[in-house]
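Dear colleague,

I am passing on the structure we spoke about, and below it I have set out what was found. Please keep it open while you read.

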Amino acid sequence: MCGRLSQYRGIHDFVAALSMPNALANSVGDLPLERYNVAPTTQVALLHRQGNLLHADLVPWGWRPHGAKDRAAPINARVEKVAHGPFFRAIWPHRAITPIDNWFEWVDEGGPKKQPYLIRRRDGAPVLCAAIGQLPDTDEGPGEHDGFVIITADSAGGMVDIHDRRPVALTPELAREWLDPATPEERAEQMVLPQGEPAEAFGWFKVNVAVGNVKNKGPGLIQPVR
């Protein structure tokens, strides 16, 4: 996963895709997000639970342990290692869903620039990406070390021709279980190891190379090109 995504629906559309009856503590706002070219280190709308309350917060994309200054903050975590590796040990229990409309990958097709592809669900529903992070606290609010990573797995089927890694996307039922604080960590690992929804659930097409510049923001970035 190359690290660019879109969130242009409103947070209530993403929450509706989860089919969760929980009360919502929403710090994101009610208007459509209208973000078509979201880059790492920027704030991304995230869903997480504290007790029975579902929270929608803006959290920086990327995280590293406090004091780990010798490397850039990763934005993704490999599903094969995330549950047992030491780097993410502190945030593995803190699960979240990153709801997105699509993500982008770049392919070298022999041209002067790599060709960007947009990847989204074929049925048009939001993509519910499994994530973990250091998340805002109900009582204390956002913290300076908050951040999150998206869990990724090996691509399969035709998707591997676009990129060898992809987000672990969960069905609404599994996403609700993933968010539930009562779900044991062992069960959470079992949920994401099968790599979430199959590659057949997704489609992709070429988009304008302008998406490669994070300064470009408009909805034209998600339109197919020949």
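Contact, as the word is used here, means heavy atoms within 4.5 Å. The model is a predicted one, and in it arginine 120 touches Asp101, Asn102, Ala201, Phe202, Gly203 and Phe205, leaving aside residues up to four places away in sequence. Arginine 120 itself belongs to strand E9, which covers residues 115-121, and with a relative accessibility of 36% arginine 120 counts as partly exposed. Its C-alpha atom is separated by 15 Å from that of alanine 17, a residue 103 places away along the chain.

Strand E9 also appears in an open sheet of 5 strands, whose order is E3-E1-E8-E9-E13 and whose pairing is antiparallel. The edges of this sheet are strand E3 (35-38) and strand E13 (202-206), each of which pairs on one side only, and from one strand to the next the twist averages 25°. Within the sheet, strand E1 (residues 5-7) is joined to strand E8 (residues 102-107) in the antiparallel sense over 2 bridges, and leucine 5 stands opposite tryptophan 103 in E8.

Turning to the aromatic side chains, the rings pair if their centres lie within 6.5 Å, and by this rule there are 8 aromatic pairs. One of them is formed by tryptophan 61 and phenylalanine 148, which are stacked because their ring centres are 6.4 Å apart and their planes lie at 10°, with planes under 30 degrees apart counting as stacked. This pair links distant parts of the chain, since tryptophan 61 sits in the loop between strand E5 (53-60) and strand E6 (76-78), while phenylalanine 148 is in strand E11 (residues 147-154), 87 residues apart. Tryptophan 61 is buried, at a relative accessible area of 1%, and phenylalanine 148 is buried as well, at 0%.

A further pair, tryptophan 92 with tryptophan 178, is edge-to-face, with 5.9 Å from centre to centre and 70° between the planes. Tryptophan 92 lies in the loop between E6 and strand E7 (95-100) and tryptophan 178 in helix H2 (residues 172-179), so this pair ties together parts that are 86 residues apart in sequence. Both tryptophan 92 and tryptophan 178 are buried. Over the face of tryptophan 178 lies arginine 95, at 5.7 Å from the ring centre. Elsewhere in the list of aromatic residues, Trp63, Phe87 and Phe88 form one aromatic cluster.

With best wishes

Methods. Residues numbered from 1 in each chain as written. Predicted model: local features only at pLDDT ≥ 70, side-chain atom pairs only at ≥ 80, totals over all residues. Heavy atoms only, no water. Phe/Tyr/Trp six-rings, centres within 6.5 Å; stacked < 30°, edge-to-face > 60°. Helix = DSSP H or I, 4+ residues; strand = E, 2+ residues; numbered from the N terminus. Buried < 20%, exposed > 50% of the residue type's maximum accessible area, 1.4 Å probe, protein only. Lys NZ or Arg CZ within 6 Å of the ring centre and 35° of its normal. Pairing = 2+ DSSP bridges. Axes fitted to C-alpha atoms, helices over the stretch in contact; angles between N-to-C directions.
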